[in-house]
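Could you walk me through this structure, step by step? I am new to it and would like a friendly explanation in plain paragraphs.

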Amino acid sequence: MTLTLTDAVGNVGNTETDSVQKDNIAPTVILSHDAIDNKVKVGDNITFTAVFNETMDSVSINILNGGITAQAMIDSGDHLTWNYEWSVPSADTTAIVSLSG
């Protein structure tokens, strides 16, 4: 990448050259929860934890059949580990969890 600066009256500054590397590899994530034996009941509070292999600016969670759409997860402070506490609704179904970020 080459950058040349010119002011409003046409004075040209020094040309600067630098390189930029594009990260085109998707991050990986380990998603876990604290439900014992993968069983929950109405009113249980379940914490989902997402740990990424590279820093993330933001992460949203969706819980299909669980009433959650694009809710922001909470950053633990390192931009790698994100948490979300879910209160199990009154539905007898299978919840499907997905992330975006």
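Alanine 70 lies in strand S6, and in this predicted model its phi is near 50°, a positive value in a residue other than glycine. Strand S6 covers residues 68-72 and runs antiparallel to S5, with 3 bridges joining the two. To find one of these pairings, look at serine 60, whose bridge partner in S6 is alanine 72. S5 and S6 make a hairpin with 3 residues between the strands, and there asparagine 65 takes a positive phi near 70°.

Alanine 70 also turns up among the contacts of isoleucine 61. Leaving aside residues up to four places away in sequence, isoleucine 61 touches Phe48, Ile68, Thr69, Ala70, Gln71, Met73, Tyr84, Val97, Ser98 and Leu99. This brings us to the largest nonpolar core, which has 15 residues; Ile61, Met73 and Trp86 are the ones that touch the most other members. Which elements give two or more residues to this core? They are S4, strand S5 (60-64) and S8. The biggest share comes from S4, with 4 residues.

S4 and S8 are also a good way into the sheet. General background helps here: strands of a sheet pair through backbone hydrogen bonds, in a parallel or an antiparallel way. In this model, an open sheet of 4 strands follows the order S3-S4-S8-S7, with antiparallel pairing. Strand S3 (29-33) and strand S7 (74-75) are at the edges and have a single partner strand each, so one side of each is left without a neighbour in the sheet. Strand S4, residues 45-52, is joined to strand S8, residues 81-87, by 7 bridges, and the two run antiparallel. Along this pairing, phenylalanine 48 stands opposite tyrosine 84 in S8. Both Phe48 and Tyr84 are among the residues that isoleucine 61 touches.

Now follow the chain to the loop between S7 and S8, where histidine 79 has its place. Like alanine 70, which has a positive phi without being glycine, histidine 79 is not a glycine and has a positive phi, of about 65°. Is histidine 79 buried or partly exposed? Its relative accessible area is 36%, so it counts as partly exposed.

Another place to visit is the largest pocket, with a volume of about 350 Å³. It is lined by 18 residues, and the closest to its centre are Asn38, Val40, Trp86, Thr93 and Ala95. Sorted by class, the lining has 11 nonpolar, 5 polar and 2 charged residues. Trp86 links this part of the tour to the core, where it is one of the residues that touch the most other members.

Finally, turn to strand S1 (residues 2-6), which pairs with S2 in the antiparallel sense over 4 bridges. These strands form a hairpin with 5 residues between them, and glycine 10 in the turn has a positive phi of about 100°. How many of the 6 residues of strand S2 (residues 12-17) are buried? The number is 0, so the strand lies largely in the open. Threonine 15 is found in S2 and counts as partly exposed, at 47% relative accessibility. It is the bridge partner of threonine 4. The two threonines are 11 residues apart in sequence, yet 4.5 Å apart in space from C-alpha to C-alpha. Beyond residues up to four places away in sequence, threonine 15 touches Thr2, Leu3 and Thr4.

Methods. Residues numbered from 1 in each chain as written. Predicted model: local features only at pLDDT ≥ 70, side-chain atom pairs only at ≥ 80, totals over all residues. Heavy atoms only, no water. Pairing = 2+ DSSP bridges. Core = buried A, V, L, I, M, F, W, Y, C linked by side-chain atoms within 4.5 Å. Buried < 20%, exposed > 50% of the residue type's maximum accessible area, 1.4 Å probe, protein only. Contact = heavy atoms within 4.5 Å. 1 Å grid on protein atoms, 1.4 Å probe; cavity = no way out; pocket = protein on both sides within 12 Å on 5 of 7 lines; lining within 4 Å. Points joined across faces, edges and corners; volume = space filled by probe spheres on them. Nonpolar A, V, L, I, M, F, W, Y, C, P; charged D, E, K, R; others polar.
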